[in-house]
Amino acid sequence: MTRSPDLIEWHPASWQSKAAAQQPTYRDKAALDGVVAELSRLPPIVVSWEIESLKEQIAAAQRGERFVLQGGDCAESFDDCESDKIAKKLKILLQMSLVLLHGMKKPIVRIGRMAGQYAKPRSADTETRDGVTLPCYRGAIVNRPGFTPEEREPDPQLLLRGYERAGLTLNFVRALIDGGFADLHHPEYWDLDFVRHSPLKAAYEKIVHSISDALDFFEATSRRPIHEANRVDFFASHEGLHLHYEQAQTRFIERQQRWYNLSTHMPWIGMRTAALDGAHVELFRGIANPMGIKVGPSMSAEWVQGLLEVLNPNNEPGRIVLIHRMGAKEIDKRLPSLIQAVRATGSPVLWMCDPMHGNTETASSGLKTRRFDNIVAELEAAFRIHREMGSWLGGVHFELTGEDVTECTGGARGLTDADLARAYKSQVDPRLNYEQALELAMRMAGLHPPVRR
Ligand code: PEP
Ligand code: CO
């Protein structure tokens, strides 16, 4: 008797019997197998007790007790694995989280899109230029961006290079944080030069002073330091897109008696790979990590309900983060019925808004961009709709950088389409620059006055 496929037991490679979207085609299968075997033997990037700690914090955020800030590049590149760029990204996330803490009066959970955000979904497998067709660029872990057959050929060795860079990135972030970089008593450590010249300077400094005063007050009156203020947690996340990479780092942890994907704390399933019977959902259903699911306008309520049933059959708190990315135009139409459909399942989820991916457009120059006003509009709508429905928007998801790029238009400096060419560095989606990111945090802090629950 043949068993129905969903009764076949899960294991880290069981996804291979399902349809796997968005995977590169490797010509040399033996080379790929060799790399996967090596990656499976190398030490993990993160460990299970950190993952469990994040899961508890997400469960608290589901109850409205915390707020999650997730952000970073659309795709990391190997060239950007440099101390200055990593530190700047960490700084802007810390600054934003300080502003959110001040505005929302809730602990902020910080999750970087970093240390593994190397594979990208693409709308087509190939790209044609002047009659020449080559595989499309799928991210640094897969192939190279130059338009030559050699550069576009998927190279399994890049999986190892990506794993190493993920390890280097997270090692540096951990060392900075453990060394006191994130200490709330010293927010001056995270100052980015720009703040000195920015229209946002006064507002940001006021927030910093007010937090310092509050810390001084509590520490003086209680006669003890607030330990939580010295050290913050920082977690890593990436899209769990490249299934061989994710499989190789998925391990059974005896102490927990569960499988974990140890390539990152919180992988997410992108919108293009969320098919209910697809390979990505198969891999994700077997791991104990908290997981994001991107939900776009094309996903039906039944589809999302099906995902919750497969991915969280035991209604475990802290496990599922639904990241809606509808676009400013669609959110009012789509989100209310989605909230209702999820509520009907009784499954606990953390709602997060990604106001980036539904608001991408092409500027007259041909560059991909996003308008700051549309990003703010989607965020405003998200907070309003959740509030009106008695639901809790417990997190936000941004593509941002700590650098002075010109990829999104608008913001305090009023960047226009004509400014885009000046410092457009992204190979993929346009990111908020540091000033736009900080401004967004300030807008959110204002949008979201503390609620008593
Ligand atoms: C992304 O987060 O970079 C991405 C591709 O998102 P989505 O799957 O929501 O389109
Ligand atoms: Co993106």
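In the predicted model, an oxygen atom of ligand 1 lies 2.8 Å from a polar backbone atom of M271. This is a polar contact, defined as a pair of N or O atoms within 3.5 Å; within protein, one must be able to donate a hydrogen and the other to accept it, and residues adjacent in sequence count only if both atoms are side-chain atoms. The protein covers 97% of the 290 Å² of accessible area that ligand 1 has on its own (Shrake-Rupley method, 1.4 Å probe).

Two lysine side chains also approach the ligand. An N or O atom in the side chain of K120 is 2.8 Å from an oxygen atom of ligand 1. For K294, a side-chain N or O atom is 2.8 Å from an oxygen atom of the ligand. Ligand 1 is surrounded by 13 residues (a heavy atom within 4 Å), and R113, K120, M271, K294 and R325 are the closest. By class, this shell holds seven charged residues (Asp, Glu, Lys, Arg), four nonpolar ones (Ala, Val, Leu, Ile, Met, Phe, Trp, Tyr, Cys, Pro) and two polar ones (the others, Gly among them).

Helix packing was examined for α3. Helices are DSSP runs of H or I with at least four residues, numbered from the N terminus. Axes are lines fitted to C-alpha atoms over the stretch in contact, and angles run from 0 to 180 degrees between N-to-C directions. Helix α3 (residues 83–104) packs on helix α5 (residues 157–178) at about 55°, with the axes 10 Å apart. The two helices are therefore oblique (neither under 35, over 145, nor 65 to 115 degrees). Their crossing is right-handed (near helix turned clockwise from the far one by less than a right angle).

The axes of α3 and helix α6 (residues 201–222) cross at roughly 65° and come within 10 Å. This makes α3 roughly perpendicular to α6. Here the crossing is left-handed, the turn being anticlockwise.

Residues are numbered from 1 along each chain as its sequence is written, chains are lettered from A and ligands numbered from 1 in written order, and hydrogens and water are left out of side-chain values, which use heavy atoms. Because the model is predicted, local features need pLDDT of at least 70 and side-chain atom pairs pLDDT 80 or more, while totals for chains, interfaces and linings use all residues.
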